[in-house]
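Reader: I am new to this structure and would like a close look at one part of it, the salt bridges. Please add some context on the rest where it helps.

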Amino acid sequence: MDMVMKLGAESPVVIFSKTTCCMSHSIETLIRGFGANPTVYELDKLPNGRQMENALIELGCQLSVPAVFIGKDFVGGSNEIMSLNVRGELKQLLLRANAIWI
């Protein structure tokens, strides 16, 4: 879990994803739509991806991907990100993390 937390803190927005996951692609597209440039780790392409996936499940991801960190904090998966967006809170979170500017 330490490696996941370390990688999650390296950039204003970090997405753990899989190349075959349509929800991961949708969340990445949503975040990029605000002008953010997330760091994306494709777990199915990483040699230690399975261990990282298990660590994400330990963090509370019901499904391992997508898992999103914003401003060094684990925010959650697609449900949490979509809920933040619907409530109008995602943009403010990205602004506070210096992932986007006005």
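What is the mean pLDDT of the protein, and what share of its residues reach 70 or more? After that, which side chains meet K18 and E53 in salt bridges, and where do these residues lie?

Author: The model is predicted, so confidence comes first. The mean pLDDT of the protein is 92, and 98% of its residues reach 70 or more. Confidence is lowest in helix α1, residues 2–8, with a mean of 87. It is highest in helix α5, residues 90–96, at 97.

Now the salt bridges. The structure holds 4 of them. One joins the side chains of K18 and E53, with N and O 2.9 Å apart. K18 sits in the loop between β1 (13–17) and α2, while E53 belongs to helix α3 (residues 49–59), so this pair ties together parts that are 35 residues apart in sequence. The two partners are not equally accessible: K18 has a relative accessibility of 23% and counts as partly exposed, whereas E53, at 9%, counts as buried. The cut-off for buried is under 20%, so E53 falls below it.

E53 has a further partner. It forms a salt bridge with R50, where the closest N and O atoms are 3.1 Å apart. Here both residues are in helix α3, and because they are 3 residues apart, about one helical turn separates them. R50 counts as exposed, with a relative accessibility of 53%. Taken together, K18, R50 and E53 are linked in a network of salt bridges. Within that network, E53 is buried, K18 is partly exposed and R50 is exposed.

Another salt bridge joins the side chains of E89 and R87, at 3.1 Å from N to O. E89 is partly exposed, at 36% relative accessibility. R87 is exposed, at 52%.

For context, consider two residues outside the pairs described above. E28 is found in helix α2, residues 22–33. This residue is buried, with a relative accessible area of 17%. Leaving out residues up to four places away in sequence, E28 touches I15, P38 and V40.

G71 is found in the loop between β3 (67–70) and β4. At 31% relative accessibility, G71 counts as partly exposed. Its contacts, apart from neighbours within four places in sequence, are P12 and A97. The C-alpha atoms of G71 and V14 are separated by 8.8 Å, although these residues are 57 apart along the chain.

The last piece of context is the largest pocket. About 190 Å³ of space lies in it. The elements that give two or more residues to its lining are β4 (73–76) and α4 (78–86). Of these, α4 gives the largest share, 3 residues. Among the lining residues are G60, C61, Q62 and L63, along with F74, S78, N79 and E80. By class, the lining has 5 nonpolar, 6 polar and 1 charged residues.

To return to the part you asked about: the K18 and E53 pair ties together a loop and helix α3, and the E53 and R50 pair lies in helix α3.

Technical notes:
Residues are numbered from 1 along each chain as its sequence is written. This is a predicted model: local features need pLDDT of at least 70, side-chain atom pairs count only at pLDDT 80 or more; totals for chains, interfaces and linings use all residues. Side-chain values use heavy atoms; hydrogens and water are left out. On a 1 Å grid over the protein atoms alone, a cavity is a set of points where a 1.4 Å probe fits but cannot get out, and a pocket is an open set with protein on both sides within 12 Å along at least five of seven lines; lining residues have an atom within 4 Å of a point. Grid points are joined across faces, edges and corners, and a volume is the space filled by probe spheres set on the points. Helices (H or I, at least four residues) and strands (E, at least two) are DSSP runs, numbered from the N terminus. Ala, Val, Leu, Ile, Met, Phe, Trp, Tyr, Cys and Pro count as nonpolar, Asp, Glu, Lys and Arg as charged, and the others, Gly among them, as polar. Buried means under 20% relative accessible area, exposed over 50%, partly exposed in between (1.4 Å probe, protein chains only). Contact means heavy atoms within 4.5 Å. pLDDT is the predictor's confidence in each residue, from 0 to 100.
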